[in-house]
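Hello,

Here is the structure I promised to pass on. Please open it first, then read my notes below.

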Amino acid sequence: MALKIYGLAMSTNTTRAMICLHEKEVDFELIPVNVFTSEHKQPPFLNKNPFGLIPVLEDDDLTLFESRAITSYVAEKYKEVGPDLIRHNDTKEASLVKMWTEVESHYYDPAVTPIIYEYFVAPFQGQEPNKSVIESNIEKLKIVLDVYETKLSTTKYLAGDFYSLADLSHISSTHYFMQTPCASMINERIHVKAWWEDISSRTAFQKVVGGMTFGQSDQK
């Protein structure tokens, strides 16, 4: 039975899971959740994720929510297929993958997501982008990107000279970020730019990018 992903094709978190599934060449079914009619806040969906957020993965009797938990599960279950996204045969490398995935979750994403929200979601909701929110998060992101620039000057990818979940986790949000006026923050850092051009050119991402249009608001 094919895995099921409940979410939206334009959601950064849904596509994070989908990219991982494509990297592992796993058959899955995307089941759209209409967040605009609050389907994700209704009992049938809340039975899958009591927090009422997308995505949710179903694999037989297993139900998982939180996109990074989903990618970790997929990378582990299908570790013998496609790229080794978790470096399961090397404890040190695996630890570095986990560390940089945590960096994405705790430093990069909290700075990037508010910027994306202000440039894409706010206008969709008929609001002007909040410049103070953008500016404060630009300052936070500068610190993160400077760390990335230094790290990527010594290795091809964040955890080492191998593509991993640490890199994959960045793709969806960075795709939207690169469509904002802030894209120069990545383009002016030569090693970060090269890294982004590399990871965004992967076939797995190309399979989902067509559905990533921000005509509708994203869900965390």
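How many residue pairs are in polar contact across the interface of domain 1 and domain 2? The rule finds eight such pairs, with both residues at pLDDT 80 or more. The rule also finds four salt bridges across this interface. As for single salt bridges, look at E104 and R68. They form one, and their closest N and O atoms are 2.7 Å apart.

Before you go further, note that this is a predicted model. The average pLDDT of the protein is 94. A score of at least 70 is reached by 96% of the residues. Take note of residues 216–220, where pLDDT stays under 50. For that stretch the model has 21 contacts beyond four places in sequence.

Now the layout. Domain 1 covers 3–82, and domain 2 covers 91–206. Their C-alpha centres lie 21 Å apart. Domain 1 brings 12 residues to the contact, and domain 2 brings 14.

Next, the area. The size of an interface is often given as the accessible area lost when the parts come together. Here, about 1200 Å² is buried between domain 1 and domain 2. Carbon and sulfur atoms give 62% of that area. Three residues to find on domain 1 are I19, E23 and R68. Together they supply 47% of the area that domain 1 buries against domain 2. No other three residues supply more.

Which helices each supply at least two residues of the side of domain 1 that touches domain 2? They are α1 (12–23) and α3 (67–77). The largest share comes from α1, with seven residues. Sorted by class, this side of domain 1 has four nonpolar, five polar and three charged residues.

Two backbone details are left. Start with the peptide bond from I54 to P55. Is it cis or trans? This bond is cis, and its omega is near 5 degrees. You will find P55 in the loop between α2 (43–46) and β3 (56–59).

Then go to E66, in the loop between β4 (62–65) and α3. What is the sign of phi at E66? The phi of E66 is positive, about 80 degrees, although E66 is not a glycine.

Work through these spots in the viewer and write back with questions.

Best wishes

Technical notes
Residues are numbered from 1 along each chain as its sequence is written. This is a predicted model: local features need pLDDT of at least 70, side-chain atom pairs count only at pLDDT 80 or more; totals for chains, interfaces and linings use all residues. Side-chain values use heavy atoms; hydrogens and water are left out. Domain bounds come from an automatic or database domain assignment. Contact means heavy atoms within 4.5 Å. Buried area is the accessible area (1.4 Å probe) that two parts lose on being put together, summed over both. A salt bridge is a side-chain nitrogen of Lys or Arg within 4 Å of a carboxyl oxygen of Asp or Glu. A polar contact is a pair of N or O atoms within 3.5 Å; within protein, one must be able to donate a hydrogen and the other to accept it, and residues adjacent in sequence count only if both atoms are side-chain atoms. Helices (H or I, at least four residues) and strands (E, at least two) are DSSP runs, numbered from the N terminus. Ala, Val, Leu, Ile, Met, Phe, Trp, Tyr, Cys and Pro count as nonpolar, Asp, Glu, Lys and Arg as charged, and the others, Gly among them, as polar. pLDDT is the predictor's confidence in each residue, from 0 to 100.
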